[in-house]
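Me: I've got this model open at the bench and I'd like a close look at just one part of it. Could you pick a strand, walk me along it, and then follow the chain to whatever sits next door?

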Amino acid sequence: KDTRFIRNICTIAHIDHGKTTFVDRILELTKSVDPRKMHEQFLDQMDLERERGITIKAQPVKVIYNYDGQDYEINIIDTPGHVDFSYEVSRSMAACEGAVLIVDASQGIEAQTVAHSYLAIENELDIVPVLNKIDLPNANIEESLQQVADLLGVPKQDVLKMSAKTGEGVENVLRAIVEQVRPPKGDPNKPLRALIFDAKYDKYRGVIVYVRIFDGVLKKKDQILIMSTNQKYEVEEIGIFTPTMVPTDSLGPGEVGYVIAGIKEVSEAKVGDTITNALSPTDEPLPGYRDVKPMVYASVFPGLPEYYEELKKSLEKLKLNDWALTFEPTTSPALGFGFRCGFLGLLHMDVVRERLEREFEISVIMTAPNVEYKVLLRNGETIIVNDPAKFPEEDQIEKVYEPYVKLSIITPTDYMGNILTHLQNERRATLQHTENAGKNRIIMYFKAPLAEIISDFFDKLKAMSRGYASMDYEMMGFEESEIVKLTILVNREPVDALSTLVHKSKAYTVAKKLVDKLAELIPRHQFEIPIQAKASGRIIARADIKALRKDVLAKCYGGDVTRKMKLLEKQKEGKKKLREIGQVSIPQEAFLAILKIG
Ligand code: GTP
């Protein structure tokens, strides 16, 4: 195939600015999907994605667009917009020459608009800037055009206008893709170099590898070699995404498609790796990806101890499709055997929990998330701790370091004061500098502890700005800090899975709120239950759960039988979700109580 007629692009945008809808319109315009099968958000294939209206996994699709009598093959990789999933965005970029930057005209540029534009510039992509949702009555077209133009340093006229909803202007974007994005380079006669940019596990077919060919040609029956592992495989099937997978005979330079080659484990086909031909290999692998590092950690335990093996298998399968998830075995005196998992953020953590429950039908108990700390011990050793249960005793600690991020917030200037005060007074953040982001909008850059940002900050920011402010962050490194461990005792027994690490200045407030919240969430028992928080060897807060006075069934005596039955049934169900610790039943919610305070 002639690479002059290929374009590889990804879509980038802040969350909800309309990427997925834009791709829907393109699928229609190029008649790529049978109209009878077309439905909204076609590319969001996971149930979870449709329900939440967000894209979690980047999904490639190939369309054919006829431009002035010439057919062009356009490969589009739709990417997720939420900050937790930025790593998917940078991966997609490595497989493309261009990016369509979509900005919601009623919102203007937001934090991920800026972050992803910078990523696209760094990756030397040709950017097609587009203002979307121009049909909205509250679209602020002129102002938003100016913001995009300023962000990219291009004239305002170069920013296209469209409505992905009505279809207006969408064809112009397709034309612009052909005109402004450079075709892929690549030599079909050189040894094969294919970039693995994603992989997926299929029950029947094993690992399906998503590739972008840079040089050479990949054919069925070829002997291939995965360069970092030096493993060889025979290609069983190759194909393209329409977006359903359709087999083809070969994939040439510039093309995007999939490979099935009897690969059993996704660990054998690592994302960012290069595939070459085993008989005539290249000696130059493509530049790989940097590894993604988890930002937060939490423990996951099976709902019932006997489901440990099943949980393990489920996590292994989930990892095939979710590179950023990490896990290792752990044990808890309170909850038994489980796994310590690493996530990119709270949304990612929530998505993993829901996928475990839905796709793998396994109920889990997840503990509150923590960041990772570096601890210099008195004996000179430095250890990394991401689990409060493993935090050393105070008398062994010389110094503790916690991770800091560079936080950027874009907001209308009206909310700037409140956001600044909140970040400085409640989140231990310091303002670094500010920049204008269009009329009455400002970007503020802060240095802040990651721990303060991952908890409920995002919700707080939205509340403080009536939904108008947006944020992005990147890791800066570790800084010395005063961290103490809060141990929670339920009925005088320490429950490791409830303990947490906090900054010294907040120990008392957090302890008080936490015990109060727990007293609310843990149901009453036949006896009184004290909930206590201990730090540095002292009890610093306490709340009591009063003993249950009435028998639950007492209310029902004489009442009708079905009601009584229902009540019993409900209790049974409820019990399944509780964990007996000592003599006390603790519901799942309690383990996440820390997230709900503040
Ligand atoms: P993520 O994948 O979660 O990052 O979101 P997205 O950027 O893919 O946004 P999506 O396409 O899901 O659109 C978000 C919302 O905006 C949906 O409710 C769309 O129907 C709506 N929307 C998208 N484009 C337009 C448009 O041009 N006009 C109007 N009025 N609404 C639009």
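Reply: Here's a walk along strand β25, then its partners, the turn leading into it and a helix residue beside that turn.

A bit of housekeeping first. This is a predicted model, where local features need pLDDT of at least 70 and side-chain atom pairs count only at pLDDT 80 or more, while totals for chains, interfaces and linings use all residues. Residues are numbered from 1 along each chain as its sequence is written, and side-chain values use heavy atoms, leaving out hydrogens and water.

Strand β25 covers residues 441-449. (Strands are DSSP runs of E, at least two residues, and helices are runs of H or I, at least four, all numbered from the N terminus.) Nine of its nine residues are buried, so the strand is largely enclosed by the rest of the structure. Buried here is under 20% relative accessible area, exposed is over 50%, and partly exposed lies in between, using a 1.4 Å probe and protein chains only. You can see the cover on both faces: Arg441, Ile443, Tyr445, Lys447 and Pro449 are buried on one side, and Ile442, Met444, Phe446 and Ala448 on the other. Notice that Arg441 and Lys447 are on that buried list too.

Now the partners. Two strands count as paired if DSSP finds at least two bridges between them. β25 runs antiparallel to β23 (residues 397-412), with nine bridges joining them. To find that pairing on screen, look for isoleucine 410, whose bridge partner in β25 is isoleucine 443. β25 also pairs with β24 (residues 430-436), again antiparallel, over six bridges. There, threonine 434 sits opposite methionine 444 of β25.

β24 and β25 make a hairpin with four residues between the strands. In that hairpin, glycine 438 has a positive phi, near 95 degrees.

Glycine 438 is also where the helix residue comes in. Setting aside neighbours within four places in sequence, glutamate 143 is in contact (heavy atoms within 4.5 Å) with Gly438 and Lys439. Glutamate 143 belongs to helix α5, residues 141-152. With a relative accessible area of 17%, glutamate 143 counts as buried. Its side chain also makes a 3.0 Å polar contact with the side chain of glutamine 147. (A polar contact is a pair of N or O atoms within 3.5 Å; within protein, one must be able to donate a hydrogen and the other to accept it, and residues adjacent in sequence count only if both atoms are side-chain atoms.)
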